[in-house]
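Student: Got a minute to walk through this one with me? I'd like to start with how you name the pieces.
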Amino acid sequence: ARGVHPLKSTKSVVLLSGGLDSAVALALAHKEGTVVLALTAQYGQRAFEKEWQAAQAIAMWAGVPHYR
């Protein structure tokens with residue numbers, strides 16, 4: 001539609017590791033109002049529990065559902 005910003009009709013799923021880069025990606029998408037959920041991957045990393053806790057806190061701040 002004419003005059004509609006392309007991001008306004010886009011929905012985003014953010015891969016959220018709990019680190020700075022993914023937190024910024026979530027914040028930018030959140031600012032645009034496009035985030036529908038955040039996902040954190042568990043692939044055998046030793047620090048997963050700490051990453052999960054950080055990602056949970058970030059997702060709660062943004063008010064988006066968070067899954068692993």
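Tutor: Sure. Helices and strands here are DSSP runs, at least four residues for a helix and at least two for a strand, numbered from the N terminus. Keep in mind that this is a predicted model.

Student: OK, so where is Gln-45 found?
Tutor: Gln-45 sits in the loop between β2 (35-39) and α2.

Student: Is Gln-45 buried or exposed?
Tutor: Buried, because its relative accessible area is 14% and the cut-off for buried is under 20%.

Student: And what does the side chain of Gln-45 reach?
Tutor: The backbone nitrogen of Tyr-43, at 2.9 Å.

Student: Switching to the helices. At what angle do α1 and α2 pack?
Tutor: About 15°, with the axes 11 Å apart; α1 covers residues 20-32 and α2 covers residues 48-62. That angle makes α1 roughly parallel to α2, since angles under 35 degrees count that way. The crossing of α1 past α2 is right-handed.

Student: Which residues meet there?
Tutor: From α1, Ala-23, Leu-26, Ala-27 and His-30; from α2, Ile-58, Ala-59, Trp-61 and Ala-62. By class, that contact has seven nonpolar residues, one polar and no charged ones.

Student: Tell me about Leu-26, then. Buried or exposed?
Tutor: Leu-26, in helix α1, is buried, with a relative accessible area of 0%.

Student: What does Leu-26 touch, leaving out residues up to four places away in sequence?
Tutor: Val-14, Leu-16, Val-35, Ile-58, Ala-59, Ala-62 and Val-64.

Student: And how far apart are Leu-26 and Ser-12 in space?
Tutor: 9.1 Å, C-alpha to C-alpha, with their positions 14 residues apart in sequence numbering.

How values were computed
Residues numbered from 1 in each chain as written. Predicted model: local features only at pLDDT ≥ 70, side-chain atom pairs only at ≥ 80, totals over all residues. Heavy atoms only, no water. Axes fitted to C-alpha atoms, helices over the stretch in contact; angles between N-to-C directions. Parallel < 35°, antiparallel > 145°, perpendicular 65-115°, else oblique. Left-handed = near helix turned anticlockwise from the far one by under 90°. Contact = heavy atoms within 4.5 Å. Nonpolar A, V, L, I, M, F, W, Y, C, P; charged D, E, K, R; others polar. Buried < 20%, exposed > 50% of the residue type's maximum accessible area, 1.4 Å probe, protein only. Polar contact = N/O pair within 3.5 Å; in protein donor to acceptor, adjacent residues only side chain to side chain.
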